[in-house]
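Work through the exercises below with the structure open. Try each task before reading its solution.

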Amino acid sequence: MLNFIARRIAAGAVLLVVISFLSYLLLSVPHIDVGRQLLGESASQSAIDAKNASLGLDEPVLRQYANWFAHAVRGDLGTSWFTSEDVGQAVGNRLPVTASLMLGVTAVTTVLAFLLGVWAGVRRGAADRFVQVLGVVGYALPGFLLTLVLVLVFAVRLRWFPAIGYTGFTDSPSGWLSTITLPVLSLSVASVAGVSQQVRGAVIDALRQDYVRTLRARGLPASRIVFKHVLRNASAPALSVLGMQFVGLLGGAVLVEQIFGLPGIGSMTVTYTARGDIPVIMALVMLTVVGVVLINLLVDILIGWLNPKARVA
Amino acid sequence: MSTGRTLRRVLRNPLGGLSAALLLLIVAAVLLAPVIASQDPGASSLSEAFAGPSGDHPLGMDSAGRDILARILYGGRTTLGGALLALAIALALGVPTGLVAGYRGGRFDSAANWTVNLVMALPAMVVLLASRAILGPDVHVLMIVLGVLVAPSFFRLVRGIVANVRGELYVDAAKVSGLSDTRIIARHVLTVVRGPIIIQVALVAGIAIALQAGLEFLGVGSGSTATWGAMLNEAFQNIQRAPRLILWPGLALGLTNCALVLLAGAVRDALEDQTPRPARRRRARPAPEPAESADSAAPRAALLSVRGLTVAYARPDGTDKEVVHGVDLDVRPGEILGLVGESGSGKTQTAFSVLGLLPEGGRVTRGSITVNGRETAGLRERDHRALRGRTLAYVPQEPMSNLDPAFTIGSQLMEPVRHHLGLGRKEAADKARELLHLVEIPDPDRTLRLYPHEISGGMAQRVLIAGAMSCDPELLIADEPTTALDVRVQAEVLDLLRRLRDERGLGVLLVTHNLGVVADVCDRVAVMNAGRIVETGTTEQILGSPRDPYTRTLLAAVLDDAPARAPWQPREARTVTA
């Protein structure tokens, strides 16, 4: 097990280096004159050159990358070119917002998707059709469109929740809850739709397995068979979809944070990518890749725990 | 299935037809934008800002006094056109690489997979934002990037299907007959992937449209051009003042995407050829009618007695298909009854009827089944369940698939005894150990901790017999319990059954197609053919002097395989049939 985790982390590290190199290279292609952008059109060429030199931009791209990499492995992600913030700190300040969003969505998705999926898979009939329609709608409607509708109904019309803004959990737990509810709901619809379909399919598959008939032949009650045996066997495929949803969720967070004015990683991505602030963009890319690698590792460990056969691999 | 038939089936499906019509309508309207719209999408008259619907402007005006209808129609061109571009790129990249990777495998496959995993680890929205910073705000360039990002979904789909098909016999046959790879791919492989690709195209189109609109909504698109995403952005800016602005672009986007997903579903249903859906009718199962008493002359056995049993399955059109037509059989305590017949003769359906475990859609339509004198045909599930485990037990054919792979042997043996006998954890563990002793498993303590995939088939079958015996049942229903085992293990399992019969007075209904097994352990035999019992008697009688022509054919088939062996020697005949 430890061996497996170590191998996966090593593979993740390789991925991280490859992606960081490619991103740096690609980001450096357009040769935005950062010095001119910072100092304005009126600045003298010598001042601009000096500014660029102080940012290390006068060096070849490979040397720049090597420089960035040498600092990054020591945990120093540099400073933003445009705001002079420490990048690590800037990202760290915004991370809790996105993290609460992600955790909230994952919690809501896990609970609702499993409930709906098991309900549909076991009951079939009307329950099944309801969950399938929900799946189609949740899948088909673009997340931000749904978010707009939720804002319109719950924030603008009903005024149950604020339309915009964020309160930290440590500042006021109730304020946190009211600012995070709508964003979490907006992001959850699609992932509940996707994961519940998967749970439904996995439950139907599991119910058709021979061992379910054998368990019934032993006289065990249906509820016990479903919640112990079927659920456990159906969890593994559902979890891998949940892991894949996470990547999409990061993209969804960009839009949702923008709509609700949440100061998270997503809205940061929009602002800083538009300006070509390489140190910040690099940090965001790294964070994303680390997040994806960790989530997939977690999913694989959970699947191994649920399915003894997968542990061998 | 021919393309024409699939198409007809999609259109006949109400949702499929509706979605197709809606999509056609949207595309036509967008293409005919200059004809339908009364003015240019950019033309604005500030005095008419936020104006409601009027004759000239049926959908009203937006915040800058521009005609909403014109903007929806022209905007659809950018939005749908962009999605189309992304889709084309994704298809061009994903399908050929998927074909080659799936068909050839090897290094190309590994390299392609690695790349695909890398691309799929990237959040599309973030990459698109970064690409815009790098490549500039040209919507076409962004759509090409998007095409690259969604190409893996086609690659994975095609690769998976092709890798499966490659293993099929008909592809081997085509190879052997000297067809070139290109011909094989074109003839055999492409026809298989076509359907799934069409489904995926609809789904990916939806994703591309959503992402395109999302980018425009963020204001990261084509600037001032009208697009559905940009219109939603504008509506969002004015959400407090004129919330109705969300309506039209929202509807356009939502309906297009819903139609695409529903169409994909309809195509999938059509291609899957509609495996009959289980009857959804929730009506209470009619109680089986009592058997016609004609052939019930024989006295009924104490343990299990079946009279005039018929079993039918509901067809999708609501009618029933009868598969068992009036079966009579009896099992006494301490007796092994062999139920013999070819596959499809209804043996297993009869066995499942006794257990009350007919598969979905099947039910007992007529007849009587008594267990210990109590009628069980038409019994409520809850009451039937009470019989299973403690009175009736079941040993399945395929040992491996009948153990839950996620739980240890110990946990699976302890579960029924804890539930039925109310034992505590420790006592249940003792009982499980004792059961493994009973079925002669050498190292019970170790076996209890193992998972099903860690034991052999023969061992798994013993575990299943142990599980069946766990609550001291009176009647064991064994459905081909030795068919999946090799010859030596077969003999051991049959010995075990014989021993349980002798020591515990267990009655056994042994379903088998193997006359060797019958000769080996059965006291009496019932021969079944096409849903009917054709002959019943003692084993000697049936094997020695069969009366029914069908029984004679069955016996002849076995003897033909072993020509030089007369007279009949039951114990060795076991090895003859597979």
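**Exercise 1.** How many residue pairs are in polar contact across the interface of chain A and chain B?

Solution. The model is predicted, so apply the confidence filter: both residues of a pair need pLDDT 80 or more. Twelve residue pairs across the interface of chain A and chain B then pass the rule. Next, locate the chain A side. Seven helices each supply at least two residues to it: α1 (2-28), α6 (125-140), α7 (143-157), α9 (210-217), α10 (222-260), α11 (265-275) and α12 (278-306). Of these, α10(A) gives the most, with 13 residues. Finally, sort that side by class: 33 nonpolar, ten polar and 13 charged residues.

**Exercise 2.** Find the salt bridges between chain A and chain B, and check one by distance.

Solution. The count is three. Take A:Lys228 and B:Glu415: their side chains meet at 3.7 Å, N to O. The cut-off is 4 Å, so the pair qualifies.

**Exercise 3.** Describe the extent of the interface between chain A and chain B.

Solution. Start with contacts: 56 residues of chain A touch 62 residues of chain B. Then take the area. About 5800 Å² is buried between the two chains. Carbon and sulfur atoms give 70% of that area.

**Exercise 4.** Compare the radius of gyration of chain B with that of a compact globule of 578 residues.

Solution. The globule would have a value near 25 Å; chain B has 34 Å. Now check the box: the C-alpha atoms of chain B fill roughly 100 × 55 × 55 Å along the principal axes. Chain B holds 22 helices and ten strands. Buried residues make up 52% of its 578 residues.

Terms used
Residues are numbered from 1 along each chain as its sequence is written. Chains are lettered from A and ligands numbered from 1 in the order in which they are written. Side-chain values use heavy atoms; hydrogens and water are left out. Contact means heavy atoms within 4.5 Å. Buried area is the accessible area (1.4 Å probe) that two parts lose on being put together, summed over both. A polar contact is a pair of N or O atoms within 3.5 Å; within protein, one must be able to donate a hydrogen and the other to accept it, and residues adjacent in sequence count only if both atoms are side-chain atoms. Helices (H or I, at least four residues) and strands (E, at least two) are DSSP runs, numbered from the N terminus. Ala, Val, Leu, Ile, Met, Phe, Trp, Tyr, Cys and Pro count as nonpolar, Asp, Glu, Lys and Arg as charged, and the others, Gly among them, as polar. The radius of gyration is taken over C-alpha atoms; the globule rule is 2.2 Å times the number of residues to the power 0.38. Buried means under 20% relative accessible area, exposed over 50%, partly exposed in between (1.4 Å probe, protein chains only).
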